[in-house]
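Trainee: Hi! Could you walk me through this protein?
Mentor: Sure, let's look at it together.

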Amino acid sequence: ALEKYAMRDIPAFKEEMYMTAKSNFISYINFVLSEIKRFDGQVRKYTEEWKDVDRRLKDDDQFGVQLKQAKKLFGNQMQLLTTGIDDPVQKAKFVFNEIKKHYNWNEVYGYFTEQGVKKAYQTQKGNVADINLSLVGALQSIGIKAEPALLSTRANGLPVMLHPVMSDFNYVIAHITNGTDQYWLDATNPLYSFGFVPEKCLNGKIRLMNEVSEWVDLKLKEKDKKVTEVQLVLKEDGSLFGTFKQTHFGYDAFNQREKYFSFSSKEDYVKSQAANWPDFEVINYVNLGTDSLEKPFIEIYNLKFSEAAIQEVFYLSPFIIESWKKNPFQSTERTYPVDFGAPLEQSILFSLTFPDNYIIDELPKNTAVSLPKGGGRLLFNSSMLGNKVQVGNTLSISKSVYNSEEYFTLKELFARIIQVQQSQIVIKKKK
């Protein structure tokens, strides 16, 4: 009977870059048990309202009870350690760093504790809730206004907002308020700075579990930002040397720090990086900002180009260090949003100083492209003054999320980025 209603030839769902869980965009019907009415007239309700969830979580052995235990567990210790610190934010930073140093995350998600805060403290290991509920309790123990906040990670899909479906949540972080300032904290990773929310958690609204829980927007303080500076010097004998400096901010700083610390030595890290640059060798490397997560992570490379790269006529790309290899948006249309997680900003400043026995035969053309309503822009310019070529390139993606109607202009912007980054400076040796 249902045969005539069957759906056929449905196109496959195609995953693309910068999207959250595909379950957010595939249509389905989800049933939730509301109540059971028995033959004897008894009714048992299963669907709750948020006020019911709030009340139940406060008394739950793996949530509210653990918060109270954490507050008691850390009370004397944290009060003693923060004696003499008057500023509430500095107090909170101290507690955050102490919790972060004490625990190792076992890579298990969840908003309910796995071991309980006491056992997690003793073993120095726990799941997300063991660690971050301990953080909330420790902050509360020194008078900081702190609450837990429930969320669903990007890979887990968006939570239902109409009514409580607690199985939708798989993560909990801490929220603190100081006057009009708000901070979101996650102590599960030693490389997370104060106020840093990992990209995996940037997934729509968060349920803030205060006296009366509420859905709130997570307002980011960080961008995914990188500034690349390349300074090259071409000498009369055709040798080419230079300095490459990259300054990483926000999410890019976290990603690069994490990559750096994943190697057993600085030498192994540099060897891995240099494998991406076949035309030159790294003769020295230093970095700054490994000792403070609240500072940018800065990397400086000294470079020497291989002789094979230098000819009578040769081509030099301003994007020899950093470039987009292909357009991340390939589909002709997209019916779901583009979600970058955080605003994106990339700048490249390139300079080449050359001697009198060389000439610049061709420079790349200037380009400027803007998205509607201030959604982003690409600026590229090149110039020459005396014996110096200068190139500047700035890409700004100013929003975290773009709707499907904005997809085409975003795709065109990245097509222009790829086109621009294929530009070459043509250098000739005088005869």
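Trainee: How many positive and negative side chains does the protein have?
Mentor: There are 54 positive and 53 negative ones, with Lys and Arg counted as positive, Asp and Glu as negative, and His and the chain ends left out. The centres of the two sets lie 1 Å apart, placing each charge at NZ of Lys, CZ of Arg, CG of Asp or CD of Glu.
Trainee: Anything to know about the model itself?
Mentor: It is predicted, so local features need pLDDT of at least 70 and side-chain atom pairs need 80 or more, while totals for chains, interfaces and linings use all residues. Numbering starts from 1 along each chain as its sequence is written, and side-chain values use heavy atoms, without hydrogens and water.
Trainee: How many helices and strands are there?
Mentor: Eight helices and 22 strands; these are DSSP runs numbered from the N terminus, with at least four residues (H or I) for a helix and at least two (E) for a strand.
Trainee: In what order do the five strands of the open sheet come?
Mentor: The order is β7-β6-β5-β8-β9, with antiparallel pairing; a pair needs at least two DSSP bridges.
Trainee: Why is one side of β7 and of β9 left without a neighbour?
Mentor: Both stand at the edges of the sheet, so each has a single partner strand.
Trainee: How many bridges join β6 to β7?
Mentor: Five, and N178 stands opposite D181 in β7.
Trainee: Switching topic, what share of the residues is buried?
Mentor: Of the 431 residues, 46%, where buried means under 20% relative accessible area with a 1.4 Å probe, protein chains only.

Technical notes. Buried < 20%, exposed > 50% of the residue type's maximum accessible area, 1.4 Å probe, protein only.
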